[in-house]
Amino acid sequence: MSTEAEKKSSEAAKVPFVRIAKRTALPIWKSWGIRLLSVLLALIISALFIFSVTGLDPIAVYVVMWDGTFKSSYSFITTLRDTAMLLCISVALAPAFRMKFWNIGAEGQVLAGGLCTALVMIYLGNLLPQWLLLPLMFVSAVAGGALWAFIPAWFKARWNTNETLFTLMMNYVAINIVDCLTNIWRGAKSSMGNINASTQAGWFPLIFGYRFTLNIIIVAVLSVGMYMYLRFTKHGYEIAVIGESENTAKYIGINVRKVVVRTMLLSGAICGIAGFITVAGKNMTISSGTAEGFGFTAIIVAWLAKFNPGYMALISFLLIFLQKGATQIASSYAALNDYASSIVTGIILFCILGSEFFVNYSLIFRGKHQKGGEKA
Amino acid sequence: MDNIQPAVKMCGITKRFGTVVANDNCTLELYRGEILALLGENGSGKTTLMNMLAGIYYPDEGQIFVDGKEHSIRSPKDALDLGIGMIHQHFKLVDVLTAAENIVLGLHEPGRFDMKAVSAKVRAICDQYGFDVDPDMKIYDMSVSQKQTVEIVKVLYRGANILILDEPTAVLTPQETDTLFNVLRNMRRSGKAIVIITHKLHEVLDVSDRVAVLRKGVFVGSVRTQDTSIGEMTNMMVGHAVTLNIDRPAVKDPKSRIEVKDLTVISEDGIKKLDDVSFDIRTGEILGIAGISGCGQKELLEAIAGLQPVESGSVEYITDDGSREQLLGRNPLDIAQLGVSLSFVPEDRLGMGLVGSMDLTDNMMLRSFRNGHSIFADRKAPKQLAERVVDKLNVNTPGLSTPVRKLSGGNVQKVLVGREIAAAPTVLLTAYAVRGLDINSSYMIYDLLNRQKEKGVAVVYVGEDLDVLVELCDRIMVLCAGHMNGMVDGRSASKNDIGLMMTRLAKKEEKTDEH
């Protein structure tokens, strides 16, 4: 029981150099402080990278990057436009992911919606008045996106197929169908050009001078609606229960198959709307690249935001900001091409993601541990 | 023993999980050639303390001495290097491998890998201590007690001479428990130091030399088993004496409520889980169901609750006016829509009865969220219910918005039982309602069940502790591998009779005797 001997041997014993402990809830200013620090750290690392590889002044590069979004009111509003697109698809994924249904098929569902929109524009655009045409485009886009989501959902509900692979494959089907049809439509021309270029039938009206103002409004409404749906409705509750524990859902009498199909119809329908606003409010045409890969980027957004539409908006904006900045850098500096600017983007994302670890966990180093021991 | 060097000495051990202090300045000594019972209610920090000895957790403060020398145990490998091995409550075995393969899994022995030598060594260990295990048997073919044996042999094979067993008897029949205790005594004789974590007092008296008691993470003290009594240990454990008698109000006017006829259930793997079981559940009484775990209890309750597809048979609900409704072929929602108020406290509380990541209010909502015609779910009523349950059942929670997963086992169960009873059931099915609960919480559950019984509810209590079954239940049905081995009167049945009925069929497969 000699305490001195114990103390001596305690010095000899090896305490692990660093241990990880779960934090209790951090005050908001601290958790956001950590996130802010991570951005700073990212900027420093990127600066080192830029300077050591290209010899350019990192500050100047950052200014150019900032300009990607904030140079002019037009660059800002196009950033908002693309943010809205990405956010729309993320919002579409939220209910499916909340249910732990891994819908990797947003890209295809957006294309399906866009294709239906284009079909209506091309074949009915000059027959119907605008007030009837737009709703019809909307309905057909919703139906197209929903159908693309319904197929894997039904197979999942009925035969428990793997939805990840199924929805992924559906993307390629959609891409190829769009490629095939655009080839037919363009005929001998090198590209399709704008649909109904002369009559502008089926184009969104100009609001505040921009066609895509309507896009931003629609996505804002959808985001708020989705937040309410997931948070307050019975459907939202059922989705959450299934996502957390299918056994509990069955125990309580929730018809899991029905909810899976219903939720995927909703998810696909909103993807379809994303296709609709892209074709009618932004591109005025369709190609297999219409979804711009946002169907995949949205997966990251939905995950990072933990399916909360408010956070989704922030993260979508950040991602688009980085993307615009990267493009701007690539066009301003010969030494920094697209790839180099993507690396900078990568470093920033990595640091921000990594900061979540430090928000949730703290590191306890060897010295600190013993101090704690003395206190007790 | 005072002048002997302890094999293990834990000094001032503190472990926190967030704000929860699992162990607060705990001290424990363990000597060679003794069996130490580590006693405490649930959530008292027994397992956490032993996990630190076994290298699963690392203590926030304090020191661990093995054979007088301080060591820092950072992983299970460190622990094994020091000769410390732990047999966990949930076995960590690979089902498709044989016993011998599991035993050597992860070992890096120099030279050629020789399965025959492994088997021989396993057999030698078995002979030495009186185990009965076939090294070449696959784990999936084994009974729970055989799997446990493999776990014990596994740590012995790795040279452990300090063994920690976490609630080893929880899954065993009385007969299997006796066998295990004999093995432990053999190991003690050969100089091993053994810790057995338990909250069953008679087992402590039966097998241990010394008892160490934890209460709410604090070390209360240790006494020699021969110098103590059940009363004193209970006092140390709970801080005040609790009566050990469970109430059993008289049955008033029992009427058949549910009639189960020739029920047969075959699992997806083609195993007959229930074989022609017929019985009735009556109003105003508690029907106990005894049996080794996995003998069809789960399937039986789930079949009645509409969760288990059945092969044949019928389950009829008899209303007060004598009309009958077939429950088979209906899902839980259909059953509820028939007007049958059937509550079910399933064995898997967080995986089926509740949603672990949701808070108390949202869990209360599970039963009521469909109420009303609005598309929005009403959270006011569930919140009030949650408040009532917390208040009436003394649920220990930081607040209503705490995820239930973060509550201790007893509090989780109170939330679940509270919700199920609030639905004003006519039938209340419970599976292992007090498993893992401390004495106080267990009695509260018995009390709740008795009050339901007095209200005329037909209560089913699937249990594992025979002492409780014979004290609480009015009738006890004994299941053995899906067969109904008998229906006995709870007031006259003896524990040993039931224990024998539980193993009557299984006996053929087991070796009859240990020599």
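This tour moves through a predicted model, chain by chain, and says at each stop what to select and what is found there.

**Chain A as a whole**

Begin by displaying chain A alone as a cartoon, where you should find 15 helices and 2 strands. If you reduce the display to the C-alpha trace, its extent along the principal axes is about 95 × 65 × 35 Å. Colouring by burial would mark 42% of the 376 residues of chain A as buried. Turning to contacts in chain A between residues at least 6 apart in sequence, 79% of them link residues that are at least 24 apart.

**Helices H3 and H4 of chain A**

Next select residues 58–70 of chain A, which form helix H3, together with residues 73–98, which form helix H4; their axes come within 6 Å and cross at roughly 75 degrees. An angle between 65 and 115 degrees counts as roughly perpendicular, and H3(A) is therefore roughly perpendicular to H4(A). To see where the two helices meet, show A:Gly68, A:Thr69 and A:Phe70 on the H3(A) side and A:Ser75, A:Phe76 and A:Thr79 on the H4(A) side. Sorted by class, this contact of H3(A) with H4(A) comprises 2 nonpolar and 4 polar residues, with no charged ones.

**The loop after H4: A:Phe101**

Follow chain A onward to A:Phe101, which sits in the loop between H4 and helix H5 (106–124). Is A:Phe101 buried or exposed? The residue counts as buried, because 25 C-beta neighbours lie inside 10 Å and the cut-off for burial is 20 or more. Setting aside neighbours within four places in sequence, you can select the contacts of A:Phe101 as A:Ala96, A:Glu163, A:Val260, A:Thr263 and A:Met264. A distance label drawn from A:Phe101 to A:Lys156, 55 residues apart along the chain, should read 9.4 Å between C-alpha atoms.

**A backbone detail: A:Glu292**

Move now to the loop between helix H11 (256–283) and helix H12 (294–304) of chain A, where A:Glu292 is located. Although A:Glu292 is not a glycine, its phi is positive, at about 55 degrees. The residue counts as partly exposed, with 17 C-beta neighbours inside 10 Å.

**The nonpolar cores**

Bring chain B back into view and select A:Cys88, A:Ile89, A:Ile270, A:Ile273, A:Ala274, B:Tyr461 and B:Val478, the residues with the most contacts inside the largest nonpolar core, which has 183 residues. Domain 2 (252–341 + 425–515) and domain 3 (352–424) of chain B both contribute residues to this core, so the core lies between them. Centre the view on A:Cys88, which, leaving out residues up to four places away in sequence, touches A:Val219, A:Leu222, A:Ile270, A:Ile273 and A:Ala274. A second, separate core has 69 residues, among them B:Val8, B:Met10, B:Leu156 and B:Ile162.

**Where chain A touches chain B**

Which elements should be highlighted on the side of chain A that touches chain B? In total, 26 residues of chain A are in contact with 35 residues of chain B. The elements of chain A that give two or more residues to its side are helix H1 (3–12), strand E1 (18–22), helix H9 (234–244), helix H10 (246–251) and helix H15 (366–375). Coloured by class, the chain A side divides into 9 nonpolar, 10 polar and 7 charged residues.

**Chain B: domains and strand E7**

Colour chain B by its domain assignment, which gives domain 1 (8–238), domain 2 (252–341 + 425–515) and domain 3 (352–424). The centres of domain 1 and domain 3 of chain B, taken over C-alpha atoms, are separated by 36 Å.

Then select B:Leu163 in strand E7 of chain B, a buried residue with 22 other C-beta atoms within 10 Å. Residues up to four places away in sequence not being counted, B:Leu163 touches B:Gly85, B:Val155, B:Met187, B:Lys192 and B:Ile194. From B:Leu163 to B:Ile84 the separation is 79 residues in sequence but 6.0 Å in space, C-alpha to C-alpha.

In the loop between strand E7 (162–166) and helix H6 (174–189) of chain B, select B:Glu167, whose phi is positive at about 40 degrees although the residue is not a glycine. B:Glu167 is partly exposed, with 18 other C-beta atoms within 10 Å.

**Last stop: helix H9 of chain B**

Finish at residues 297–304 of chain B, helix H9, which is mostly covered, with 8 of its 8 residues buried. After H9(B) comes B:Gly306, whose phi is positive, near 85 degrees.

How values were computed
Residues numbered from 1 in each chain as written. Chains lettered and ligands numbered in written order. Predicted model: local features only at pLDDT ≥ 70, side-chain atom pairs only at ≥ 80, totals over all residues. Axes fitted to C-alpha atoms, helices over the stretch in contact; angles between N-to-C directions. Helix = DSSP H or I, 4+ residues; strand = E, 2+ residues; numbered from the N terminus. Parallel < 35°, antiparallel > 145°, perpendicular 65-115°, else oblique. Contact = placed C-beta atoms within 7 Å. Nonpolar A, V, L, I, M, F, W, Y, C, P; charged D, E, K, R; others polar. Core = buried A, V, L, I, M, F, W, Y, C linked by C-beta atoms within 7 Å. Buried ≥ 20, exposed ≤ 12 C-beta atoms within 10 Å, placed from the backbone. Domains from an automatic or database assignment.
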